[in-house]
Amino acid sequence: MNCVKILSVRIIFDPTEISRPTAIALGNFDGVHIGHRRVIAPILPTALDDRHLTSTVVSFAPHPQEFFSNQPRQLLAPFEEKVSLLADLGVEQLVLLPFNAALAKLTAAEFIQQILIKSMQVEMISVGCDFRFGKQRQGSINDLQQIWGDRLTVIPEQTMNVGTSNQAVRISSSNIRAALAEGNIDLANALLGRPYNLLGEVVYGKQLGRTIGFPTANIAIPEAKCLPRDGVYAVQVLINNAHPYISGVMNIGMRPTVNGNLRSLEVHLFAWQGDIYGQRLNVELKQFIRPEQKFESLDALQSQIHQDCQSAQRYLDTEQLCTVPQ
Ligand SMILES: Cc1cc2nc3c(=O)[nH]c(=O)nc-3n(C[C@H](O)[C@H](O)[C@H](O)COP(=O)(O)O)c2cc1C
Ligand SMILES: Nc1ncnc2c1ncn2[C@@H]1O[C@H](COP(=O)(O)OP(=O)(O)O)[C@@H](O)[C@H]1O
């Protein structure tokens, strides 16, 4: 059988395995941000009157941009994370249409007939208002409207008012990537509707951290994961997804002080001791504290890390005070 099951989402690579008829949301949904969740909401089991429809997200793999440019894309949620986010929403099936030369050549009418009607028996569709499909992106919402009529939901462009100027910002994966690249974690988290997180296993580092009083868990994360700006962050961490959260401070960068030559991502946990090599950490980003620097000595680095811990702790304490229910 050419399908696997992670959590409760069936992941389909072979269109003959699709559970149908379907209610589908079409798109790549990188990061499953607030805008994506609005597109997916109308096809979730809780929103469907017709219980015979399988709640399905349809994406292309590889992403069409990746296929045409032959360049790997940096992702807000690499595959495993995306599946888990979709499962949390209640999506029952993820169909990954193999994007290749043959699929790229399908006209909009052929895509509708062969993929949506024949392969997937689509009864209901939800898309964002800028959705295009078929050869040279010629297919538009109108083509879908003609067939599905009021069984098509089109979600208008979603924006959010942010910052002191209350400026409207488009909720989009590219704006989240740009915010991360600037270290603007407030904006990235607001657009995502949850804290941006880095998930990975704890691996061995140079074992220097313990000698300066700040052991740091070095985390290996998927190559495709979109990283925020290099520097120091206040974070909240789960070990193997077990609560409660542990506060900490993270450095991401090249570690010029110790002549590092590979980008590393490491977390020092406050008021915590133990061996977590090989465990899985979920690191939620809360605030950018400062850029990475080259220090003259390990002593200078150590005293700066001490200050970083204080800044991070202050930020996390204030945030907690602000989120305690009244
Ligand atoms: C809060 C924090 C801030 C850091 N800032 C810097 C920095 O500005 N420059 C730098 O070269 N390394 C920085 N580091 C990385 C240290 O060089 C690194 O933790 C130390 O070399 C131990 O590495 P190890 O885990 O491989 O033993 C920082 C680490 C932490 C935890
Ligand atoms: N408070 C802490 N924060 C992070 N890691 C800790 C802490 N206390 C103990 N450790 C353990 O120490 C290791 C980090 O020590 P360190 O000397 O920096 O070694 P490495 O260079 O291998 O990361 C972590 O992987 C973890 O197993």
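Helix H9 contributes three residues to the shell around ligand 1, the largest share that comes from any element. In this predicted model, 22 residues stand around ligand 1, and those that come nearest are Gly205, Lys206, Leu208, Asn251 and Thr257. Two or more residues of that shell are given by each of strand E13, which spans 242-253, strand E14, which spans 264-269, and helix H9, which spans 298-323.

Around ligand 2 there are 19 residues, of which Gly205, Gly209, Arg210, Pro215 and Leu269 come nearest. The elements that supply two or more residues to this second shell are strand E11, covering 217-220, and strand E14. Strand E14 is thus listed for ligand 1 as well as for ligand 2, and Gly205 is named among the nearest residues of ligand 1 and also among those of ligand 2.

The make-up of the two shells by residue class is set out below.

| Shell | Nonpolar | Polar | Charged |
|---|---|---|---|
| Ligand 1 | eight residues | nine residues | five residues |
| Ligand 2 | eight residues | eight residues | three residues |

A separate point concerns Ser174, which is found in helix H7, a run of residues 173-182. Ser174 counts as exposed because it has 10 C-beta neighbours inside 10 Å, and a residue is classed as exposed when that number is 12 or fewer. Although Ser174 and Leu76 are 98 residues apart in sequence, their C-alpha atoms are 9.6 Å apart in space.

Notes: Residues numbered from 1 in each chain as written. Chains lettered and ligands numbered in written order. Predicted model: local features only at pLDDT ≥ 70, side-chain atom pairs only at ≥ 80, totals over all residues. Near = placed C-beta within 6 Å. Helix = DSSP H or I, 4+ residues; strand = E, 2+ residues; numbered from the N terminus. Nonpolar A, V, L, I, M, F, W, Y, C, P; charged D, E, K, R; others polar. Buried ≥ 20, exposed ≤ 12 C-beta atoms within 10 Å, placed from the backbone.
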